[in-house]
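Me: Please take a close look at a single helix in this model, starting from how the nonpolar interior is organised and going on to what the helix packs against. I would like one connected account, with the cut-offs behind each term.

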Amino acid sequence: MSIMSNAKRALAIAAASATLFSMAACGSSNAAGSKSDSSSAASSGKIEVVASINQWGSVAKDLGGSNVEVTNIMTKTNVEAHDYEPTSQDVAKFGTAKVAVVNGADYDPWATKAAHSTKATLVTAAETAGIREGDNPHVWFSAKVRSNTADAITAAYQKADPSHKDDYAKFNKDWHAKEDQLESKIKDTSSKTENLPYAATESVAWYLADDLKMTDATPKGYAQASANESEPTPADIKDFQDTLKVGSIKMLVFNSQEANSTTDQITGAAKDANVPIVELTEQMPKQYTNLLDWMSALVDQFAAAVK
């Protein structure tokens, strides 16, 4: 699991705090612009929603339809959310929202900090399943968290806009029908992947692999270094390469959003050993419009990689 370094985390939170203090003390042109956007949303009768990352924003949109106006802060796969430093415009968006959706588990602490300082109803995805700081934060890969978060978002909408309560209930039912289809696909695929030993350059997709009943066989030294966001030792890297060579690992999961010289060595060893590689990113790629379609495509990739 990749966890943002303490220094970068502190900088991100400090940036959010400084912007909030500045806005509260004297206002700003950015805040004024956001108020204008908020007035536009209010005049249209829509709930203004802000999501820290695009995958949760897509769920928020699906659950609100034309009754909501969703703004996603992070949308690109070439920026790592752990290291993201919010702009004053980003923070101002939380200040005008009625509902804020963040990931939690210390994945986007800048967003949690910004949301806590506003009157917005806050939905924290990780907390819906009891996942806390120090746990694997990539919770959108978990069927349980997706389902719980969807219900929490619906409850927030019904609180903010009770006149459309039935609409939100229907959106929720429709969304769960799609999630049920995804979970059925996961169950079917698990008949091929159950107990399959895999390794990962980072434990980004751990929850999905767990839902697929796979076994994490990432060498311990490398896994611990990755979890602590420290550089694996040459011995750790060699151990990983050797484990791939002997064939005990049947699949490698590679987070291309965090590619570097070390992961190049690992993926190179996997290719040399003909170990299938499932390549993915943390943020939802632009070719997908919603989280469930992205997850379904990833399940297909895992299924196709099974020898």
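Reply: **Cores, one helix and its surroundings**

Among the 66 residues of the largest nonpolar core, those that touch the most other members are Trp56, Phe94, Val101, Trp140, Phe141 and Tyr157; such a core is a set of buried Ala, Val, Leu, Ile, Met, Phe, Trp, Tyr and Cys residues joined through side-chain atoms within 4.5 Å. Helix H12 (residues 291–305) contributes the most to this core, with 8 residues. Separate from it is a second core of 11 residues, which includes Tyr222, Phe240, Ala269 and Val275. The model is predicted, so local features need pLDDT of at least 70 and side-chain atom pairs count only at pLDDT 80 or more, whereas totals for chains, interfaces and linings use all residues. Residues are numbered from 1 along each chain as its sequence is written, and side-chain values use heavy atoms, with hydrogens and water left out.

The helix to examine is H10 (residues 234–246), whose 13 residues reach 18 Å from the first C-alpha to the last, close to the 18 Å expected at 1.5 Å a residue; that expected span is 1.5 Å times one less than the number of residues. Helices (H or I, at least four residues) and strands (E, at least two) are DSSP runs, numbered from the N terminus.

Within H10, the buried residues are Asp236, Ile237, Phe240, Thr243 and Leu244, where buried means under 20% relative accessible area, exposed over 50%, and partly exposed in between (1.4 Å probe, protein chains only). Seen down the axis of H10, these buried residues fall within an arc of 125°, so they line one face of the helix; the arc is that of the directions from the helix axis to the C-beta atoms. An α-helix has 3.6 residues a turn, so residues three or four places apart point the same way. On the other side of H10, Pro234, Ala235, Lys245 and Val246 are exposed. After the helix comes Gly247, with a positive phi near 90°.

What does the buried side of H10 pack against? Its buried residues pack against strand E5 (197–200), helix H9 (220–227), strand E7 (251–255) and helix H11 (261–272), a contact being heavy atoms within 4.5 Å.

Strands E5 and E7 belong to an open sheet of 4 strands, in the order E6-E5-E7-E8 and with parallel pairing; two strands pair if DSSP finds at least two bridges between them. The edge strands, E6 (215–216) and E8, each pair on one side only. Parallel strands E7 and E8 are joined by 4 bridges, and Leu252 has Ile277 in E8 as its bridge partner.

The approach to E5 also deserves a look. Asn195 lies in the loop between helix H7 (165–193) and E5, and Asn195 has a positive phi of about 70° although it is not a glycine. At 56% relative accessibility, Asn195 counts as exposed.

Beyond E8, the loop between strand E8 (277–280) and H12 holds Lys286, which is exposed with a relative accessible area of 82%. Lys286 and Thr75 are 211 residues apart in sequence, yet 7.8 Å apart in space, C-alpha to C-alpha.
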